[in-house]
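Colleague: I have a model open in front of me and would like to learn how to read its helix packing. Could you take me through it?

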Amino acid sequence: MRLLAVAGMAGALAVAFGAFGAHGLDERLTPEALGWWETGTLYLLVHAAAGLAMGLQQAISARPGWFMVFGAGIFAGTLYAMALGAPTVLGAVTPIGGILMIVGWIDVIVSGLRRR
């Protein structure tokens with residue numbers, strides 16, 4: 001049930017951050033920074049939905065969902081921070097989130113193959 005709560009929080013944040021980016025930041029950010037914001041929001045929302053699906057699904061473990069939700073949080077969080085002016089060296093952390101999301105998807109594959 002914790003995965004459902006975290007996935008729900010990630011989904012709500014993705015929608016709020018998307019709206020904020022579209023209505024509160026559109027004229028304040030450079031095109032590059034706005035692109036980072038949009039990419040972070042997209043990945044956060046997609047992986048919140050994936051985490052939600054896995055939390056609702058009992059056929060596989062919740063572990064892939066945790067990888068995805070935490071990975072999306074790291075990925076999107078670093079992009080949001082850079083878009084708001086944090087040092088771009090933070091972009092070196094962004095791939096860690098991407099790797100965690102990929103690990104989550106690979107874990108889904110492995111779980112699916114084990115279940116038959």
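Modeller: Happily! Let's start with how helix directions are compared: axes are lines fitted to C-alpha atoms, for helices over the stretch in contact, and angles run from 0 to 180 degrees between N-to-C directions. Helices themselves are DSSP runs (H or I, at least four residues), as strands are (E, at least two), numbered from the N terminus. Two notes on the source: this is a predicted model, where local features need pLDDT of at least 70 and side-chain atom pairs count only at pLDDT 80 or more, while totals for chains, interfaces and linings use all residues. Residues are numbered from 1 along each chain as its sequence is written, and side-chain values use heavy atoms, with hydrogens and water left out.

Colleague: At what angle do helix α1 and helix α3 pack?

Modeller: Helix α1 covers residues 2-23 and helix α3 residues 63-83; they pack at about 25°, and their axes are 10 Å apart. Angles under 35 degrees count as roughly parallel, over 145 as roughly antiparallel, 65 to 115 as roughly perpendicular and the rest as oblique. So α1 is roughly parallel to α3.

Colleague: And the hand of the crossing of α1 and α3: left or right?

Modeller: A crossing is left-handed if the near helix is turned anticlockwise from the far one by less than a right angle, and right-handed if clockwise. The crossing of α1 and α3 is left-handed. Contact means heavy atoms within 4.5 Å, and here Arg2, Leu3, Val6, Ala7, Ala10 and Phe17 of α1 meet Gly65, Trp66, Val69 and Tyr80 of α3.

Colleague: Which classes of residue make up the contact of α1 with α3?

Modeller: For classes, Ala, Val, Leu, Ile, Met, Phe, Trp, Tyr, Cys and Pro count as nonpolar, Asp, Glu, Lys and Arg as charged, and the others, Gly among them, as polar. The contact of α1 with α3 then has eight nonpolar, one polar and one charged residues.

Colleague: Where does α2 fit in, starting with how its axis crosses that of α3?

Modeller: Helix α2 spans residues 31-56; its axis and that of α3 come within 8 Å and cross at roughly 165°. That makes α2 roughly antiparallel to α3, and α2 passes α3 in a left-handed crossing. Among the residues in contact are Trp36, Gly40, Tyr43 and His47 of α2 and Met68, Ala72, Phe75 and Leu79 of α3. By class, the contact of α2 with α3 divides into 17 nonpolar, seven polar and no charged residues.

Colleague: At what angle do the axes of α1 and α2 cross?

Modeller: Roughly 155°, with the axes coming within 8 Å, which makes α1 roughly antiparallel to α2. The crossing of α1 and α2 is left-handed. Leu3, Ala7, Val15 and Phe20 are among the α1 residues that meet α2, whose partners include Leu34, Trp37, Leu45 and Leu52. The contact of α1 with α2 has 17 nonpolar, six polar and no charged residues.

Colleague: Now single residues. Is Leu79 buried or exposed?

Modeller: Buried means under 20% relative accessible area, exposed over 50%, partly exposed in between (1.4 Å probe, protein chains only). Leu79, in helix α3, counts as buried because its relative accessibility is 8%. Leaving out residues up to four places away in sequence, Leu79 touches Trp36, Thr39, Gly40 and Thr94. Thr78, also in helix α3, is buried at 7% relative accessible area. With the same sequence neighbours set aside, up to four places away, Thr78 touches Leu90, Val93 and Thr94.

Colleague: Which residues does Leu25 touch?

Modeller: Leu25 sits in the loop between α1 and α2. Not counting residues up to four places away in sequence, Leu25 touches Phe20, Trp37 and Leu84. Leu25 is buried, at a relative accessible area of 5%. For a contrast, try Val15 in helix α1: Val15 is exposed, with a relative accessible area of 53%.

Colleague: Finally, how many helices are there in the protein?

Modeller: Four helices and zero strands, in the pattern α-α-α-α along the sequence. The radius of gyration, taken over C-alpha atoms, is compared with a globule rule of 2.2 Å times the number of residues to the power 0.38. The protein's value is 15 Å, close to the 13 Å that the rule gives for 116 residues, so the protein is as compact as a globular protein of that length. Of those 116 residues, 36% count as buried.
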